[in-house]
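Got a few minutes for some structure-reading practice? Have a look at the model below, then work through the exercises.

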Amino acid sequence: MKSFIIHELTKEKESLEYNLKTNIHLTLVLVLSQAIDADVQVVVRLAGRGASVKVIGLVLGRGGHTITIHTEQIHEAPETTSNLLVKAALFDNVQFSYDGVIRVARAAQKSDAYQKNENLLLSGGAHARSDPALEILANDVRCTHGSTTGKINEDQLWYLTSRGLSISGAKQLLVEGFFESALGTISDTIQ
């Protein structure tokens with residue numbers, strides 16, 4: 001059985017928990033686009049053989065807000081799969097913090113888990129901190145994690161402005177391109 005959920009994050013404090021049984025497949029899209037302080041916790045428990053989840057987080061941070069996202073991908077059963085991608089484009093003086101953990105129980109052999117956080121800093125005052133982690137007790141698994149944080153490529157910005165775009169228009173186009181890889185995985189899922 002497949003489920004598809006889009007959850008817009010609009011509260012200062014949100015806690016979401018999902019428990020996936022045997023052969024349940026969930027795609028969860030989290031969107032934070034409002035200028036708010038936010039503290040979000042997402043826990044996905046893969047409790048049945050063959051369960052899978054794809055979590056896609058899209059954060060557009062503006063103002064002087066503090067945004068924290070904590071995720072847990074908990075593999076309790078064998079042959080489970082989780083893929084997580086959180087992308088944050090940060091303007092102004094936003095302070096963004098992501099920490100996530102993949103936990104694989106001893107019984108969760110042949111689990112496959114992936115976790116990635118990508119951050120794009122769009123001003124000198126924006127800050128991102130990323131702390132992915134793995135806790136693996138099984139010995140026959142594939143688990144990876146990663147994090148990147150960077151600024152807009154000045155060569156790309158120069159190229160777009162030399163073609164007649166304003167600086168703000170060029171930045172907007174680059175931000176849209178930054179999110180495109182995540183948006184592409186959503187459309188692949190719902191077809």
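The exercises below go from the whole chain down to single residues.

This is a predicted model, with local features needing pLDDT of at least 70, side-chain atom pairs counting only at pLDDT 80 or more, and totals for chains, interfaces and linings using all residues. Residues are numbered from 1 along each chain as its sequence is written, and side-chain values use heavy atoms, leaving out hydrogens and water.

**Exercise 1. Describe the overall build of the chain.**

Step 1: get the secondary structure. The chain has two helices and 11 strands, where helices (H or I, at least four residues) and strands (E, at least two) are DSSP runs numbered from the N terminus. In sequence order the pattern reads β-β-β-β-β-β-β-β-β-β-β-α-α.

Step 2: check the compactness. With a radius of gyration of 18 Å, close to the 16 Å that the globule rule gives for 191 residues, the chain is as compact as a globular protein of that length. The radius is taken over C-alpha atoms, and the rule is 2.2 Å times the number of residues to the power 0.38. The C-alpha trace spans about 55 × 30 × 30 Å along its principal axes.

Step 3: look at cover and contacts. Of the 191 residues, 45% are buried; that means under 20% relative accessible area, with exposed being over 50% and partly exposed in between (1.4 Å probe, protein chains only). Take the contacts (heavy atoms within 4.5 Å) with a separation of 6 or more: 80% of them come from residues 24 or more positions apart.

**Exercise 2. Lay out the open sheet and find its edges.**

Step 1: write down the strand order. Six strands line up as β1-β3-β5-β7-β9-β11 in an open sheet with parallel pairing. Two strands pair if DSSP finds at least two bridges between them.

Step 2: find the edges. β1 (2–8) and β11 each have a single partner strand, so one side of each has no neighbour in the sheet.

Step 3: check the twist. Ignoring direction, neighbouring strands here are turned by 5° against each other on average. The axes behind that angle are lines fitted to C-alpha atoms, for helices over the stretch in contact, and angles run from 0 to 180 degrees between N-to-C directions.

Step 4: zoom in on one pairing. β9 and β11 run parallel and are joined by 10 bridges. E118 has T148 as its bridge partner in β11.

**Exercise 3. Which strands does β8 pair with in parallel, and how covered is it?**

Step 1: one partner is β6 (residues 66–75), which runs parallel to β8 and is joined to it by 10 bridges. I69 sits opposite Y98 of β8.

Step 2: another partner is β10 (residues 127–136), again parallel and with 10 bridges. Here Y98 stands opposite S130.

Step 3: count the cover. Eight of the 10 residues in β8 (residues 95–104) are buried, making the strand mostly covered.

**Exercise 4. Go through three salt bridges and say how accessible each partner is.**

Step 1: set the scene. The whole structure has 10 salt bridges, each a side-chain nitrogen of Lys or Arg within 4 Å of a carboxyl oxygen of Asp or Glu.

Step 2: take K13 and D39, whose side chains meet at 3.0 Å, N to O. The two are 26 residues apart, with K13 in β2 (residues 13–20) and D39 in β4 (residues 38–46). K13 is exposed at 61% relative accessibility, whereas D39 is partly exposed at 31%.

Step 3: try K87 and E118, at 2.5 Å, N to O. This pair connects β7 (residues 81–90) with β9 (residues 112–121) across 31 residues. K87 is buried at 3%, and E118 is buried at 15%.

Step 4: finish with R142 and D112, whose closest N and O atoms are 2.4 Å apart. R142 lies in β11 (residues 142–151) and D112 in β9, so the bridge ties together parts 30 residues apart in sequence. Both count as partly exposed: R142 at 46% and D112 at 25%.

Step 5: look for shared partners. E17, R45 and E76 are joined into one network by salt bridges that share partners.

**Exercise 5. Is S52 buried or exposed, and what does it touch?**

Step 1: locate S52 in β5 (residues 52–61).

Step 2: classify it. S52 has 18% relative accessibility, so it counts as buried.

Step 3: list the contacts. Leaving out residues up to four places away in sequence, S52 touches L20, I24, H25, L26, L46 and T81.
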